[in-house]
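Please look through the structure below with the sequence beside it, and keep both at hand while you read. The explanation goes from strands to helices, one element at a time.

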Amino acid sequence: MAIEKGSISIHTENIFPIIKKWLYSDKDIFIRELISNGCDAVNKVKRLASLGEAKIPNDEKYKITVSIDKGQGTLSFRDNGIGMTEEEVKKYINQVAFSGAEDFFNKYKDKMEESSDIIGHFGLGFYSAFMVSKKVQIDTLSHIEGAEPVRWISEGGTEYEISNSDTITQRGTLITLFLDDDSQEFLDEYNVRSIINKYCSFLPVEIYLENKEENEDSKDDEVLPLNDTKPLWTKAPKDCTDEEYKEFYKKVFNVFDEPLFWIHLNVDYPFNLKGILYFPKLKNEFELVEGKVKLYNNQVFVADNIKEVIPEFLLLLKGVIDCPDLPLNVSRSFLQNDKDVSKISKHIVKKVADKLKSLCKNEREEYTKFWDDIEVFIKYGCLKDEGFYDKIKDFILFKTINDEYLTLDDYLEKCKDKHENKVFYVSDEKQQSQYIKLFKEYNLDAVILKTSIDNHFISMLEYKNQGVNFNRIDSDLSDVLKEDGVEENKEEIEKIEELFKSEIGERVEKYSVQSLKNEQTPAIILVSEHSRRMAEMKSQFAGMDLGMEFNEEKTLVINDKNPIIQKILSMKDDESKKDKLSLICNQVVDLALLSNKELSSEELDLFIKRSNELMNMIISV
Ligand SMILES: Nc1ncnc2c1ncn2[C@@H]1O[C@H](COP(=O)(O)OP(=O)(O)OP(=O)(O)O)[C@@H](O)[C@H]1O
């Protein structure tokens with residue numbers, strides 16, 4: 001068969017219902033689209049006026065008015081923008097997916113300083129009107145001198161009607177939607193107002209809402225636009241005050257508290273991006289899920305939290321990002337593969353890292369104050385994005401048990417004489433308070449790592465800093481506690497070990513006899529870091545057979561300086577005191593275990609029993 005080439009034809013009657021139904025997943029979007037078109041129309045005429053190609057009075061007040069007419073069942077959008085001639089209506093409106101915006105941009109791109117303030121791209125937005133209307137009417141008058149007003153009407157099929165318009169005498173366009181019976185909610189003022197607020201709060205042209213049914217009294221009230229035409233992110237960072245940043249934060253996110261600090265993004269090249277990212281103050285770490293980053297395209301709201309554009313961990317922040325270069329009307333899966341999108345996302349990460357770096361270097365005191373609020377965010381970011389970790393690693397702080405804030409290098413340097421490449425950490429200050437006390441007695445330092453993601457974070461740090469080990473404060477620190485120059489009495493040590501081994505059996509795996517600084521403590525429990533991590537891992541897989549037992553490996557450190565230990569050592573060979581000896585040895589272990597962690601229910605039963613026996617003994621002496 002001979003090769004045949006051709007072009008695929010599309011039947012408009014079939015494609016139209018598809019556009020009507022599937023163009024946008026959310027019906028409300030038509031309001032955004034029609035207001036954006038009005039905004040484009042105003043921007044175009046402004047541009048022409050500035051180029052001397054349109055005659056517009058200097059004091060022209062540009063605006064878009066949305067009107068609800070319940071009596072007529074219509075919702076209309078009026079702008080005093082560029083308007084359209086009959087020819088333009090035929091070209092831009094009758095041809096679905098032919099964008100006049102693109103056409104305008106291509107025609108004027110050489111003469112425009114900024115190219116980015118036209119919103120439309122696809123030539124589809126107008127058709128979203130049919131998602132809610134049985135009939136759509138356009139009345140429009142072009143800015144061109146001598147132009148005739150034109151009316152275009154379509155009832156949603158492929159048929160349209162063009163005639164002279166008798167409703168429009170001033171430049172601009174009026175789009176009237178005769179709403180479908182099942183779209184009557186768009187005649188509700190509150191509803192329309194909240195949709196405009198959601199999508200158009202920051203559009204660059206003033207938007208007014210009028211309700212034709214409104215009573216006469218309220219008509220005298222001063223009418224204010226619904227939007228802020230110059231949102232803070234469009235200003236140059238040097239022109240914004242701290243007060244303005246805080247005010248904007250409260251207004252946009254509906255909150256009363258103040259942000260910790262913020263980053264004003266302002267990029268012109270190689271892509272356009274403006275925005276403000278705020279670090280919120282956290283009341284607790286679970287609040288993080290409430291972050292919100294609003295994405296705008298030329299001041300038109302697109303969506304919250306688009307993770308294809310903004311790295312997921314940054315969505316924990318609050319902020320606004322305006323990016324006119326993104327093809328935001330297309331599907332999100334497309335965004336994932338877009339090169340610009342990944343550049344933008346990398347840029348945002350870099351800016352956040354730069355800000356943190358500058359705070360850490362130049363405003364260390366402030367940075368330290370913020371640290372407790374931002375640490376979860378930063379750690380989460382490091383776990384999610386290696387690039388972020390690499391940029392930020394030297395600015396990660398560790399709060400110590402002495403209330404200092406150190407970097408990892410600072411800590412390692414500070415402790416290198418006592419324990420090289422070993423970081424001791426506290427995961428629960430209350431539960432590990434005995435050990436913190438012990439550390440302080442020995443002039444040792446430990447960092448506090450108590451957030452829910454610290455376990456993962458520690459593993460990551462160990463992987464990234466080969467040779468550095470993190471050990472919980474109750475892990476095996478016998479080496480660290482050993483004091484140089486203290487003579488060991490080997491014979492005595494053996495005796496104590498033997499005594500405990502025979503009296504307490506397998507309650508612990510290992511024994512160590514040391515002379516602790518604090519004579520009041522008879523014994524402490526240490527748990528090997530490795531075994532504890534394995535046991536914790538096992539508990540995460542509760543119920544699953546991992547084919548092995550993972551028990552914590554405990555060492556009992558017995559303090560040979562303690563008077564009780566000395567006393568029981570002297571009772572060791574006295575057969576008549578054997579019972580007492582066993583009771584006291586076990587009690588010593590109980591107390592050591594108790595200060596390490598809660599006793600199991602059986603252990604607790606025995607502990608109570610032994611305590612009662614001891615009290616009995618004291619009373620009967
Ligand atoms: N209010 C208006 N005033 C003047 N021209 C308009 C108006 N509304 C629409 N147009 C013209 O019709 C064209 C098609 O509009 P439509 O909303 O379908 O697409 P778009 O705005 O170009 O792109 P998008 O699909 O991204 O919104 C516009 O590009 C513009 O030339």
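What follows is a walk through some strands and helices of this model, which is predicted.

A general point helps with the strands: within a sheet, they pair through backbone hydrogen bonds, and the pairing is either parallel or antiparallel. The antiparallel kind can be seen at strand β2, which covers residues 74-79. Strand β1, residues 63-69, runs antiparallel to β2, and six bridges join the two. If you look for a pair of residues that face each other here, you will find Asp69 opposite Thr74 of β2. Four residues lie between the strands in this hairpin of β1 and β2, and Gly73 takes a positive phi near 70 degrees there.

Strand β2 also pairs with β6, residues 172-179, again in the antiparallel sense and over six bridges. Thr74 has a bridge partner in this strand too, namely Phe178 of β6. As for its surroundings, β2 is mostly covered, since five of its six residues are buried.

The parallel kind of pairing appears further along the chain, where three strands form an open sheet in the order β16-β15-β17. The edge strands, each of which pairs on one side only, are β16 (447-448) and β17 (469-472). Between β15, residues 422-426, and β17 there are four bridges in the parallel sense, and Phe424 stands opposite Asn471 of β17.

Now turn to the helices, and begin with α10 (residues 364-384) and α14 (residues 454-464), which pack with their axes 10 Å apart at an angle of about 55 degrees. Angles from 65 to 115 degrees count as roughly perpendicular, and the angle here falls outside that range, so α10 and α14 are described as oblique to each other. Their crossing is left-handed. On the α10 side the contact is made by Lys379, Cys382 and Leu383, while α14 contributes His456, Phe457 and Met460; sorted by class, these are four nonpolar residues, one polar and one charged.

How do helices α16 and α19 cross? The axes of α16 (residues 490-504) and α19 (residues 578-596) come within 9 Å and cross at roughly 95 degrees, which makes α16 roughly perpendicular to α19. Here Leu499, Phe500, Glu503 and Ile504 of α16 meet Leu581, Ser582, Cys585, Asn586 and Val589 of α19, and this contact has six nonpolar, two polar and one charged residues.

Note on methods: Residues numbered from 1 in each chain as written. Predicted model: local features only at pLDDT ≥ 70, side-chain atom pairs only at ≥ 80, totals over all residues. Pairing = 2+ DSSP bridges. Axes fitted to C-alpha atoms, helices over the stretch in contact; angles between N-to-C directions. Parallel < 35°, antiparallel > 145°, perpendicular 65-115°, else oblique. Left-handed = near helix turned anticlockwise from the far one by under 90°. Contact = placed C-beta atoms within 7 Å. Nonpolar A, V, L, I, M, F, W, Y, C, P; charged D, E, K, R; others polar. Buried ≥ 20, exposed ≤ 12 C-beta atoms within 10 Å, placed from the backbone.
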